[in-house]
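Reader: I should like to go through the packing of helices and strands in this structure. Could the discussion proceed element by element?

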Amino acid sequence: MTPFKLTEEFIAEIQQLIDNNQDATLTSLLEEVHYADVAELMNDLDEDHATYLIKLLDTEQTSETLTELDEDVREAILGNLSAKEIAGELNELDTDDAADIIGELPKGMVQEVISELVDREHAKHIVDLLRYDEYSAGGLMAKELVKVNENWNVLTCVKEMRAQAENVTRVHSIYVIDDEGKLKGRLSLKDLLTTSTKTNIKDVYIPKVDYVNVNEKPDEVARIMTKYDLEAIPVIDEIGRLVGRITIDDIVDVIKEEAEKDYQLAAGISQDVEADDSIWELTRARLPWLFIGMMGGIGAASIINVFQGAFVTFPILLAFIPLMQATAGNVGVQSSAIVVQGLANDTIKKGELIGRLGKELLLGLVNGIALAAIFILISHFGFKTSYLVSATVGIALVTVIVNAAVIGTFIPIFLNKRGIDPAIATGPFITTSNDVLGILIYFSIAKYILNF
């Protein structure tokens, strides 16, 4: 299949066809286009044009398209559809996707849409999913799966699987339950095909199966599925009953959302925002950290003001302030980034604080000595500074680097233990604190050695 490329010319053509009510041409033009590409197209259309396409195209295509739309675009389109039209789209979706969309509807419309769903079993499953927290395994899971009873024989099992598989887009695993619905294990398709039809499932199923509880956090589900390379994982309730499964496509979305959130936190954006959000929303997300950065700058300026007498005797010290701030900030961000990544991947375990701090301290010392040696040569021959001043700045540089490495390591671990996202430590938080402390360390060491 040739990759679809959305161009301005194509968008303009679609808009013109809509304006001229060329329904047959539109349908023919878009029927072979993947639903994700149709969603990309709709994201670039205005609300009226996008709604027109949703109503025109085949429901089987547009239902999946809805799940790929930007949230604000989907909200606008759903606002233009009746409860019956929305229910028609949801009938074609897996229960997890349908529940996500219903969860975005105004409260007064939710019951109306559910009552319009043709498949009552589908509606029951959606309602069941809506009771779970959005940020939990229960909120991520789908009800569609294939399960067999341990007391069935192979022949009965195959018949039941055929019936269940009709409602499952892709069969990743066959789960085994007991009479109470509790998860017992999984069934190998190979064993099923090579075993006598009279054999009981309890004699051939595999007891070992990875699973998660309905209350598990999405990032923990993602960690488990990534660690064990799982395409799907069953979900059990508080008493061990199999209630659903989470597939890899849902986890990819979780990982993507977490990465975007962490990237924004690292950049000093405290809320989940998009480029096309309002000025007010973007300002609220950015201003707090800009304010902290400004206060850090004022703090550094105050420290410099205290030591301004040094510039009369040693004016060259002023030239190396950016060096201290930039180096401290870079080292702090490097150290915190490694720690944050380790915490996210669970490679840094509890109780490793002392060992991690010791390693970063030693690493900072080695890097600091290497950079200080290079600096002393450059400053003495390039800036013609005295050996004493060069050595003073070099010693301050080593101290600043070690300090930044320790802070960059300690802060993320401390925040993680307090239940705060450690990604916040990789941005302005670390940079600002190291800027201020770096300047204080720099002038304190210079004052002690140079005696000004």
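**Strand pairing and helix packing**

Author: This is a predicted model. In strand E2, Ile174 is the bridge partner of Val146.

Reader: In which sense do strands E1 and E2 pair?

Author: Strands of a sheet pair through backbone hydrogen bonds, either parallel or antiparallel. Strand E1 covers residues 146-149 and strand E2 residues 174-177, and four bridges join them. One residue of this region, Asn149, stands opposite Ile177 in E2. The sense of the E1 and E2 pairing is parallel.

Reader: Which strands stand at the edges of the open sheet?

Author: Three strands form the open sheet, with mixed pairing and the order E1-E2-E3. Two of them each have a single partner strand, so one side of each is left without a neighbour in the sheet. The edge strands are E1 and E3 (183-187).

Reader: By what angle are neighbouring strands of this sheet turned against each other on average?

Author: The sheet in question is the open one with the order E1-E2-E3. With direction ignored, the average turn between its neighbouring strands is 35°.

Reader: What is the hand of the β-α-β unit that includes helix H12?

Author: Helix H12 (residues 154-165) forms this unit with E1 and E2. H12 lies across E1, E2 and E3, and runs at about 155° to E1. The β-α-β unit of E1, H12 and E2 is right-handed.

Reader: How is helix H3 oriented with respect to helix H5: oblique, or roughly parallel?

Author: The axes of H3 (residues 35-44) and H5 (residues 59-68) come within 8 Å and cross at roughly 60°. Angles from 65 to 115 degrees would count as roughly perpendicular and those under 35 as roughly parallel, so this crossing belongs to neither class. H3 is therefore, relative to H5, oblique.

Reader: How many charged residues does the contact of H3 with H5 have?

Author: H3 passes H5 in a right-handed crossing. H3 contributes Tyr35, Ala36, Val38, Ala39, Met42 and Asn43, while H5 contributes Gln61, Glu64, Thr65 and Glu68. By class, five residues of this contact are nonpolar and three polar, and the number of charged residues is two.

Reader: Are helices H21 and H22 roughly parallel or roughly antiparallel to each other?

Author: H21 (residues 387-417) and H22 (residues 428-450) pack with their axes 9 Å apart, at an angle of about 150°. Their crossing is right-handed, and their contact has 18 nonpolar, seven polar and no charged residues. Angles over 145 degrees count as antiparallel in the rough sense, and H21 and H22 are therefore roughly antiparallel.

Technical notes. Residues are numbered from 1 along each chain as its sequence is written. This is a predicted model: local features need pLDDT of at least 70, side-chain atom pairs count only at pLDDT 80 or more; totals for chains, interfaces and linings use all residues. Side-chain values use heavy atoms; hydrogens and water are left out. Axes are lines fitted to C-alpha atoms, for helices over the stretch in contact, and angles run from 0 to 180 degrees between N-to-C directions. Helices (H or I, at least four residues) and strands (E, at least two) are DSSP runs, numbered from the N terminus. A crossing is left-handed if the near helix is turned anticlockwise from the far one by less than a right angle, and right-handed if clockwise. Contact means heavy atoms within 4.5 Å. Ala, Val, Leu, Ile, Met, Phe, Trp, Tyr, Cys and Pro count as nonpolar, Asp, Glu, Lys and Arg as charged, and the others, Gly among them, as polar. Two strands pair if DSSP finds at least two bridges between them. A crossover is right-handed if, with the strands pointing away from the viewer, the path from the first strand over the helix to the second runs clockwise.
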